[in-house]
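Reader: Could you take me closely through a single part of this model, the nonpolar patch on its surface? I would like to see how the patch fits into the whole chain.

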Amino acid sequence: MSDELPSPLSQLPEKAGELAQQASTATREAIATARDRAGTAIATAREKTNDAMHVARDRATEAYGVARDQTQKALHTAKDKTNQALTQSGNYVKENPIPTLLGALAVGIVVGVLISRKEEERTFRQRFAEDPVNAARGAVFAALAPIAEKLHDQYDTARSGAQHAVNRINTRQNRRAVDDIFSQARRTASHLKFW
């Protein structure tokens with residue numbers, strides 16, 4: 001009897017196979033749907049990125065053009081104002097030469113005072129004539145210094161020797177003079193006899 005009547009357990013493998021088939025189909029469909037959606041999202045993102053890049057490039061080009069135009073206008077304005085200032089200052093100088101000269105003189109004096117506080121610039125003569133001569137003189141003096149020192153020492157020795165000789169001569173002459181005076185005094189005393 002059990003063979004004739006289908007039991008719910010005997011249908012279980014069949015039902016499991018159908019469910020597995022349905023799950024597999026659903027999974028394939030879900031994967032295909034996800035793939036389509038991802039492809040669509042990537043394409044949309046790519047389009048939006050390209051659009052944003054084109055918009056940014058256009059805005060940057062426009063900003064560059066505006067900046068260039070403004071810079072050229074500012075440069076042109078500055079050039080015009082400079083020309084106007086030069087014309088006005090030229091007219092002022094022509095109309096008022098004495099105050100202009102006095103002002104220039106004052107500025108010259110101030111600049112001269114400021115410059116004079118700095119180290120003087122060396123002249124051509126100082127740089128190319130006096131400096132080399134002074135350097136050569138220093139080198140010669142440095143080379144001759146030992147010789148000069150020896151000469152000075154020998155001079156001192158000769159001078160002290162001469163002084164010593166003069167002193168000896170003076171001493172001998174004085175002794176001789178004293179001896180002469182004594183000998184004359186003895187002769188005179190020998191002629192004079194008081195006792």
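Author: The secondary structure of this predicted protein chain comes to three helices and zero strands (DSSP runs of H or I with at least four residues, or of E with at least two, numbered from the N terminus), and the order from the N terminus is α-α-α. Residues are numbered from 1 along each chain as its sequence is written, and side-chain values use heavy atoms, without hydrogens and water. Because this is a predicted model, local features need pLDDT of at least 70 and side-chain atom pairs count only at pLDDT 80 or more, whereas totals for chains, interfaces and linings use all residues.

Buried residues (under 20% relative accessible area, with exposed over 50% and partly exposed in between, for a 1.4 Å probe and protein chains only) make up 1% of the 195 residues.

The patch is formed by Ile98, Leu102, Leu105, Ile109 and Val113, which together have about 490 Å² of accessible area. Such a patch joins nonpolar side chains (Val, Leu, Ile, Met, Phe, Trp, Tyr) within 5 Å, or like charges within 9 Å, from residues with over 30% relative accessible area and no salt bridge, that is, no side-chain nitrogen of Lys or Arg within 4 Å of a carboxyl oxygen of Asp or Glu; the areas come from the Shrake-Rupley method with a 1.4 Å probe, and for residues only the protein chains shown count as cover. Val113 lies in helix α2 (residues 97-116) and is partly exposed, with a relative accessible area of 38%.
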